[in-house]
Amino acid sequence: MAGSSVEVLLSKRVQDMVLNHEEPLPPYISRHDSIDEHLVPIPPLAFPVINLTLLSSSQPEELAKLRSALSSWGCFQAIEHGIPKSFLDELRHVAKEFFQQTVEEKKKYAKGVEEFEGYGADPVPAQGQSLDWSDRLFLEVYPEHRRNPKLWPQNPLSFRQVLEDYTVKMKSLTEKVSKAMAKSLNLEENCFLDQFGERATLQARFNYYSCCQRPDLVLGLKAHADGSGYTIILQDDVEGLQVLRDNWVTVPTIPDALLILMGDQMEIMSNGIFKSPVHRVLTNSDRERISVAEIGPEAGLVDENRPRLFKHVKDYSDVHWEYYQQGKRALHVASV
């Protein structure tokens with residue numbers, strides 16, 4: 001796959017290709033399974049759902065459910081999280097408005113081929129790795145000194161204020177979830193927050209998965225595990241996100257629930273108790289989708305019954321990206 005041809009494709013954007021009724025070209029071909037192969041339908045009630053209001057009050061049963069969900073699934077649907085439905089609707093609305101603008105308007109916030117932040121696609125992957133059938137807007141939002149105001153869209157007019165409000169709400173939510181995860185393991189509630197310390201950052205990633213007439217050939221987002229602590233995902237009502245649990249399982253859409261998904265760093269810090277699940281996003285032929293992501297094991301989780309599985313590692317996010325570009329996981333670099 002020649003770098004020059006990939007750069008041309010990235011400059012066109014998936015949305016433009018769809019508008020021009022173009023078929024997916026070879027760099028986007030990533031699927032070698034049928035749509036239903038290795039796909040296990042599950043009833044929505046079987047997917048873990050956690051009530052964050054009960055977690056905040058340290059209800060033992062809900063803490064046990066949380067530990068079970070993160071040990072077996074590595075993710076859960078969060079309900080009763082305290083973020084109003086009206087605000088989540090507004091967030092989805094401004095995201096959709098941004099992607100439905102003209103190409104000229106969106107390109108004001110375009111990223112370079114090798115850059116992360118801005119509007120466009122992910123940096124060019126390694127030789128032989130496929131491109132995702134999606135466009136995205138990736139922004140650093142916290143701490144404030146990491147922001148690049150030039151990349152924050154001015155249209156829609158409410159976008160910046162909505163993103164400011166979203167950042168405040170997500171920072172509060174991540175603190176609550178981090179404390180609850182620690183309590184579920186009988187650890188001091190601030191231990192995970194302390195490990196992240198001043199290096200803790202928040203990014204917002206708005207993904208736009210355009211319709212594709214060949215969902216059997218391409219993926220909106222290729223299979224991977226996140227290298228972060230964890231990711232909070234606001235889905236719309238179009239199913240497409242799947243997690244790998246022996247087989248591919250489609251995450252059910254629950255109105256206004258937030259999907260909280262563990263990354264490799266939480267698997268390391270929990271000494272392997274919490275899992276970082278491999279996940280992917282399918283494409284849809286009829287409807288587009290929108291979604292809005294030095295550590296080491298906690299000492300209290302290492303004993304003679306559960307030996308240390310991971311060593312302390314620095315700059316794991318950088319290592320993770322190097323392997324992700326090659327279609328590989330990086331978790332083994334932290335193994336003892």
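A residue is called buried when its relative accessible area is under 20%. In this predicted model, Ala121 has a relative accessible area of 16%, and Ala121 is therefore buried, since that value falls under the 20% limit. Ala121 belongs to the loop that joins β3 (118-120) and β4 (135-142). Although Arg13 and Ala121 are 108 residues apart along the chain, their C-alpha atoms are separated by 7.5 Å.

The same idea of burial helps in reading the interior of the model. The largest nonpolar core contains 54 residues, and those touching the most other members are Phe76, Leu163, Met181, Phe192, Phe206, Met266 and Phe274. Helix α7 (residues 159-184) supplies the largest share of this core, with ten residues. Leu163 may serve as an example: leaving aside residues up to four places away in sequence, Leu163 touches Leu139, Val141, Trp152, Ala204 and Phe206. Another core, of 14 residues, lies apart from the largest one and includes Trp73, Val249, Val281 and Tyr324.

Attention may now turn to the strands. Four of them form an open sheet in the order β6-β11-β8-β9, and their pairing is antiparallel. Because β6 (219-224) and β9 (247-250) stand at the edges and each has a single partner strand, one side of each is left without a neighbour in the sheet. From one strand to the next, the twist averages 30°. Within this order, β8 (residues 241-245) and β11 (residues 279-282) are paired in the antiparallel sense over three bridges. In one of the pairings, Gln242 has Arg280 of β11 as its bridge partner.

Technical notes. Residues numbered from 1 in each chain as written. Predicted model: local features only at pLDDT ≥ 70, side-chain atom pairs only at ≥ 80, totals over all residues. Heavy atoms only, no water. Pairing = 2+ DSSP bridges. Helix = DSSP H or I, 4+ residues; strand = E, 2+ residues; numbered from the N terminus. Axes fitted to C-alpha atoms, helices over the stretch in contact; angles between N-to-C directions. Core = buried A, V, L, I, M, F, W, Y, C linked by side-chain atoms within 4.5 Å. Buried < 20%, exposed > 50% of the residue type's maximum accessible area, 1.4 Å probe, protein only. Contact = heavy atoms within 4.5 Å.
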